[in-house]
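Biologist: I have the structure open. Walk me through the labels, and back each one up.

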Amino acid sequence: MSNTNFPELIWYNGKIIPWQEATVHIVCHAIHYGSSVFEGVRCYDTPKGPAIFRLQEHTRRLFDSAKIYRFEIPFTAEEINQGCKDIVKDNNLKSAYLRPFAFMGAHNLGLNPPKVPLETSIIALNWGSYLGEESLEQGVDAAITSWNRLAPNTMPTGAKAGGNYLSSILITTEAKRHGYVEGIGLDSNGCISEGAGENIFVIRDGVINTPPLTSGILPGITRSTIMTLAKEMGYTVNEQAMPREALYLADEVFMCGTAAEVVPVRSVDQIKVGDGTRGPITEAIQKAYFGLFNGTTEDKWGWLSYIND
Ligand code: PMP
């Protein structure tokens, strides 16, 4: 592979191998049916050295996703955690976006997958902020898309499974086709759910609200981080179902995720959010969030796993 942005090594089924050797057969169940589970994790270059953010929680969610589908990951959580650290170190990276990924391999194409363990890999990429560095300050224009998020008891949104991302692709591509940076999906009741790859927060009169797990969302780890930080900062934070007009009437809206980090939303469906610029609560939360990585927010929770420990 000639793309020099890709690092040289990949963790694959417990071994570190050259990037170009980490291939699969075309008769791979996951390619045909989306039978995979994965994580997106970030390693930040902190003043105390490279550290992976909330590694234990991400690995736990990886195993939770597999459990929902009755898939077996043939490694322990500790082995996955160590693999994440090793692949950053062995590629000489200081910061990275990590993709632990476990998939049903090349066994047969029956829908009922054979009772075999998943193939497991960890990819480390050099990735900036997903919606663009400038978006962190300027905010993004978002739109509610015609595609809803997955309804309860269709596919579990609590699992971060490959197949779910066809929903995200519909949402984000529709928004982009119409000139927006990101799409927001509603849940099957028409309440606000989440962005294509981000959870969403809505602020009015100083109160911070976010949709509950029953609104078709992925239980985001950035979401949980922000809820903890915001409460610590003295804000009231509620998980509650919200109608779409809550986005139009908000003083501030932001989206968050491991890849996107914390991004202000400056308009929804061409209606300005507040005065159309990043609001003060969003800015304070961004400062607290990025402070975890530049050392200005104390990591009271042990969220950083230093790769050299
Ligand atoms: N929702 C969806 C659909 C996502 O893909 C992501 C990114 N993983 C999120 C929310 C945010 O989750 P996290 O903060 O754990 O990255």
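Modeller: Keep in mind that this is a predicted model. Start with isoleucine 52, which counts as buried.

Biologist: Why is isoleucine 52 called buried?

Modeller: Its relative accessibility is 0%. Buried means under 20%, so isoleucine 52 earns the label. Isoleucine 52 belongs to strand 5, residues 49–53.

Biologist: Which residue, 241 residues apart from isoleucine 52 along the chain, has its C-alpha atom 9.8 Å away?

Modeller: That is phenylalanine 293.

Biologist: Now asparagine 81. Is it buried or exposed, and how do you know?

Modeller: Buried. Its relative accessible area is 13%, and the limit is under 20%, so asparagine 81 qualifies. Asparagine 81 sits in helix 3, which spans residues 77–90.

Biologist: What makes the pairing of asparagine 81 with threonine 59 a polar contact?

Modeller: The two side chains come to 2.6 Å. The cut-off for a pair of N or O atoms is 3.5 Å, so the contact between asparagine 81 and threonine 59 counts.

Biologist: Why is tyrosine 33 called partly exposed?

Modeller: Tyrosine 33 has 39% relative accessibility. Exposed starts over 50% and buried lies under 20%. The value falls in between, so tyrosine 33 is partly exposed. Tyrosine 33 is part of helix 1, residues 29–33.

Biologist: Which nonpolar surface patch includes Tyr33?

Modeller: The one formed with Ile26, Val27, Leu109 and Leu111. Together the patch residues have about 480 Å² of accessible area. Patch members need over 30% relative accessible area, and Tyr33 has 39%, so it clears that cut-off.

Biologist: On to the ligand. How many residues surround it, and which are the closest?

Modeller: There are 16. The closest are Lys160, Tyr165, Glu194, Thr222 and Thr258. By type, the shell has five nonpolar, six polar and five charged residues. Helix 6 (221–232) and strand 14 (252–257) each provide at least two shell residues.

Biologist: What makes lysine 160, tyrosine 165 and threonine 222 polar partners of the ligand?

Modeller: Distances. A polar side-chain atom of lysine 160 is 2.7 Å from a ligand nitrogen. A side-chain N or O atom of tyrosine 165 lies 2.4 Å from a ligand oxygen. For threonine 222, the distance to a ligand oxygen is 2.5 Å. The cut-off is 3.5 Å, so each pair is within it.

Biologist: How much of the ligand's accessible area does the protein cover?

Modeller: It covers 95% of the 390 Å² that the ligand has on its own.

Conventions
Residues numbered from 1 in each chain as written. Predicted model: local features only at pLDDT ≥ 70, side-chain atom pairs only at ≥ 80, totals over all residues. Heavy atoms only, no water. Patch = residues over 30% accessible without salt bridge, like charges linked within 9 Å, V, L, I, M, F, W, Y side chains within 5 Å. Areas by Shrake-Rupley, 256 points an atom, 1.4 Å probe, with all protein chains shown as cover. Salt bridge = Lys/Arg side-chain N within 4 Å of Asp/Glu carboxyl O. Helix = DSSP H or I, 4+ residues; strand = E, 2+ residues; numbered from the N terminus. Buried < 20%, exposed > 50% of the residue type's maximum accessible area, 1.4 Å probe, protein only. Near = heavy atom within 4 Å. Polar contact = N/O pair within 3.5 Å; in protein donor to acceptor, adjacent residues only side chain to side chain. Nonpolar A, V, L, I, M, F, W, Y, C, P; charged D, E, K, R; others polar.
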